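Let's take a walk through this model together, beginning with a single side chain and moving on to a pocket. Keep the structure open beside you as you read.

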Amino acid sequence: MNFNENVRTQSVDRGLQSYMTSVFNMMASGLCLTGFVAFIVAHNIALANFIYGNFVMNLIVSFAPFVFVLIFSMKIGKMTAEAATTCFYVFSALMGVSLGFVFLVYTGTSIARVFFITAATFLSMSIYGYTTKKDLTGIGSFLIMGVFGIIIASLVNIFMRSSMLDFCISIIGVLLFTGLTAYDTQKAKYMYSTGLAGDTIKKMAIFSALNLYMDFINMFLYLLRLFGDRRD
């Protein structure tokens, strides 16, 4: 490798590291905002009763983040990077309102324990996705299909109320989002390698942060269903 090629390689490496750092920093800040809002909502008795004690409000709060993220995913291409950043944090706050029930249902000790298990698993799979030479595109497509499968199974189980099906869904959910963490990390890395710049690459970083944020949140929730200790 000659001098010029070496300089270009080092420049790309530094650029990629900076890009991936921005992705994970945004994801982490979104998680912090979600956790903070969820904690505040859960510990405000009047607000918690209004949100979770009212069927209509509970329904709205449960589905609003997912409707928001679908619209956000479709419209991000037409947004500025600043608008996309604002939408990401609005979504993170909405998720916090939606997930406040976690602090009401599970003990603080088990929430902390599952959070660290999730963080360790997420970090391991992100490192794998970043470093592996294997193309995970085919696996990612299969995993995404699996996510739609467990969503349908979860909706069916609302009526069946099968504890065994719920247990199976939780295990499959953990496996799916563990795999998606590696896939979405690799996809974020490949997005940078396409040579996009300016506002476009900033929006791709935000979109990548959103994908990884959703992987972490879903992995955490499924692990909580398996290992969380419920309050008496």
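In this predicted model, the side chain of Lys189 comes to 2.7 Å from the backbone oxygen of Tyr130. To find the lysine, go to helix α8, which spans residues 163-193. Tyr130 also appears among the contacts that Lys189 makes beyond its neighbours within four places in sequence, and the others on that list are Leu16 and Met20.

Is Lys189 buried, exposed or partly exposed? Its relative accessible area is 21%, and because buried requires a value under 20%, Lys189 counts as partly exposed. If you would like one more landmark, look for Ala205, 16 residues away along the chain: its C-alpha atom lies 9.6 Å from that of Lys189.

Now let's turn to the second largest pocket. Its volume is about 620 Å³, and 28 residues line it. To find its centre, look for Met27, Leu31, Phe115, Ala119 and Phe216, the lining residues that lie nearest to that point. Which elements give two or more residues to the lining? They are α1 (3-42), α5 (101-105), α6 (108-131) and α9 (198-227). Of these, α6 gives the most, with 11 residues.

The make-up of this lining is worth a look as you colour the surface. Nonpolar residues number 23 and polar residues five, while no charged residue takes part in the lining of the second largest pocket.

Key
Residues numbered from 1 in each chain as written. Predicted model: local features only at pLDDT ≥ 70, side-chain atom pairs only at ≥ 80, totals over all residues. Heavy atoms only, no water. Helix = DSSP H or I, 4+ residues; strand = E, 2+ residues; numbered from the N terminus. Buried < 20%, exposed > 50% of the residue type's maximum accessible area, 1.4 Å probe, protein only. Contact = heavy atoms within 4.5 Å. Polar contact = N/O pair within 3.5 Å; in protein donor to acceptor, adjacent residues only side chain to side chain. 1 Å grid on protein atoms, 1.4 Å probe; cavity = no way out; pocket = protein on both sides within 12 Å on 5 of 7 lines; lining within 4 Å. Points joined across faces, edges and corners; volume = space filled by probe spheres on them. Nonpolar A, V, L, I, M, F, W, Y, C, P; charged D, E, K, R; others polar.
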